[in-house]
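User: I should like to go through the terms used for this structure and see what each rests on. Please set every value against its definition.

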Amino acid sequence: MRRALQLAARARGRVSPDPIVGAVIVDNTGQIVGEGYHQKVGGPHAEVHALRDAGTRARGSTVYCTLEPCAHHGRTAPCAVALVEAGIRRLVCALEDPDTRVAGQGFAMLRAAGIEVELGVGADAAREQNAGYLHHRRHHRPRVWLKLAQSLDGRIATRTGASRWITSETSRRHAHRWRSWMDMVAVGAGTVVADDPALTVRHVRGPDPRALVVSARVSCGPEAQLFSRTGTVLATGRHDAAKTDAFSAQGVDVWSFETKDDQIDLQQLVHKAGEEGITSLLIEGGRSLSAAALQAGIVDEVMIYIAPRLIGDGVASVGDLGVDVVDDSVRLTQIVTRRLGDDLLYTGKVVPCSPV
């Protein structure tokens with residue numbers, strides 16, 4: 001199963017809205033005779049790649065798979081049928097697929113054919129690996145990560161606005177790896193005006209996510225470089241078309257929402273993203289959008305890169321959360337820390353957050 005998880009990881013960021021899946025076929029002597037993973041949307045699934053690799057050696061084998069084999073005709077034929085026809089003896093699987101078109105039907109098909117099914121091996125790792133997909137299928141919206149890169153005293157810029165670079169190159173490389181795994185990366189209009197970010201993947205190899213700019217009042221201009229990127233979305237209030245025509249003319253998708261106190265309903269925004277097939281969303285700034293997302297209850301997990309620097313007066317990483325007493329503060333659970341050179345990566349799930 002560890003090998004199947006390793007194979008699945010090769011497709012991170014490349015097959016959404018499909019899940020990433022790995023499969024390994026082992027013969028009755030304990031030897032691996034076939035391997036595969038889901039490589040592209042519309043292409044063969046992991047099980048089919050592994051069966052092709054194994055050939056006739058698949059008969060009587062055990063298949064290790066990170067997610068339940070599909071049982072429906074979609075872009076490809078059902079993998080459960082392929083496994084039955086190949087004559088496998090046993091399936092060891094990490095997770096049931098919550099997609100309503102599968103949801104245990106793949107296992108049922110295999111058991112009806114006399115194939116032994118064991119479920120749950122490697123489940124925790126597989127669940128983390130497919131967190132976005134699982135969340136989308138269960139809650140119909142993307143799983144949302146909030147990324148902050150700050151000094152030890154919680155600053156993302158000095159009092160003059162200087163912010164490059166607070167964290168190390170090691171941290172930035174790690175952050176870009178995560179960016180390459182996401183379907184969409186969001187920033188607020190203030191970040192666009194101040195930094196003109198590209199929101200592309202650098203430092204590592206990987207696909208660029210779609211860019212999302214949240215600006216209720218359209219307080220940034222269409223000349224910003226990310227608006228020239230394919231797939232960029234401007235989320236804004238309901239305005240006269242003349243206010244967004246320049247963006248639309250550049251191919252930007254404009255999503256309009258009702259506003260209250262110049263704020264977009266971010267719950268509506270993430271459900272719109274879910275309807276568009278976005279399974280994972282990374283919020284990268286700035287402080288106002290970070291605070292609004294936390295207050296709206298859309299953030300599931302937080303990633304904080306902390307540099308060993310003290311800046312003092314400067315720009316705080318998160319804006320006003322309206323917290324008057326400590327008990328009302330946003331709490332994190334399932335905390336994990338990791339050293340990245342001299343920096344520290346602190347991650348945790350927001351309490352309460354939607355389960356994966």
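User: Why is Cys 70 called buried?

Analyst: The model is a predicted one, in which local features need pLDDT of at least 70 and side-chain atom pairs count only at pLDDT 80 or more, while totals for chains, interfaces and linings use all residues. Residues are numbered from 1 along each chain as its sequence is written, and side-chain values use heavy atoms, with hydrogens and water left out. Buried means under 20% relative accessible area, exposed over 50%, and partly exposed in between (1.4 Å probe, protein chains only). Cys 70 has a relative accessible area of 8%, and is therefore buried.

User: How do you know that Cys 70 is in no disulfide?

Analyst: A disulfide is counted where a pair of cysteine sulfur atoms lies within 2.5 Å. The structure holds zero disulfides. For Cys 70, the nearest cysteine sulfur is that of Cys 79, at 3.7 Å, and Cys 70 is in no disulfide.

User: What makes the buried residues of helix 3 lie on the same side?

Analyst: Helices (H or I, at least four residues) and strands (E, at least two) are DSSP runs, numbered from the N terminus. In helix 3, residues 79–86, the buried residues are Cys 79, Ala 80, Leu 83 and Ala 86. They cover an arc of only 130° around the axis, and therefore lie on the same side of helix 3; the arc is that of the directions from the helix axis to the C-beta atoms. An α-helix has 3.6 residues a turn, so residues three or four places apart point the same way.

User: What do the buried residues of helix 3 pack against, and what follows just after the helix?

Analyst: These residues pack against helix 2 (46–54), strand 3 (62–65) and helix 4 (105–112), where contact means heavy atoms within 4.5 Å. Just after helix 3, Gly 87 takes a positive phi of about 80°.

User: Two other residues have a positive phi without being glycines: His 140 and Leu 199. Is each buried or exposed?

Analyst: His 140, with a phi of about 65°, is in the loop between helix 6 (131–139) and strand 6 (143–151). Its relative accessibility is 55%, so His 140 counts as exposed. Leu 199, with a phi of about 55°, is in the loop between helix 8 (189–195) and strand 9 (210–214). At 4% relative accessibility, Leu 199 therefore counts as buried.

User: Which residues have the most contacts inside the largest nonpolar core?

Analyst: A nonpolar core is a set of buried Ala, Val, Leu, Ile, Met, Phe, Trp, Tyr and Cys residues joined through side-chain atoms within 4.5 Å. The largest has 65 residues, and Ile 25, Leu 91, Val 192, Val 213 and Phe 227 have the most contacts inside it. Apart from this core lies another, of 30 residues, including Leu 148 and Val 302. Leaving aside neighbours within four places in sequence, Val 192 is in contact with several residues, among them Val 213, Cys 220 and Phe 227. Cys 220 has 7% relative accessibility and so counts as buried.

User: Why does Thr 167 count as buried, and what does it touch?

Analyst: Thr 167 is in the loop between strand 7 (155–158) and helix 7 (169–181). At 9% relative accessibility, Thr 167 therefore counts as buried. Not counting residues up to four places away in sequence, Thr 167 touches Ala 149, Gln 150, Arg 172, Tyr 305, Ala 307 and Asp 343.
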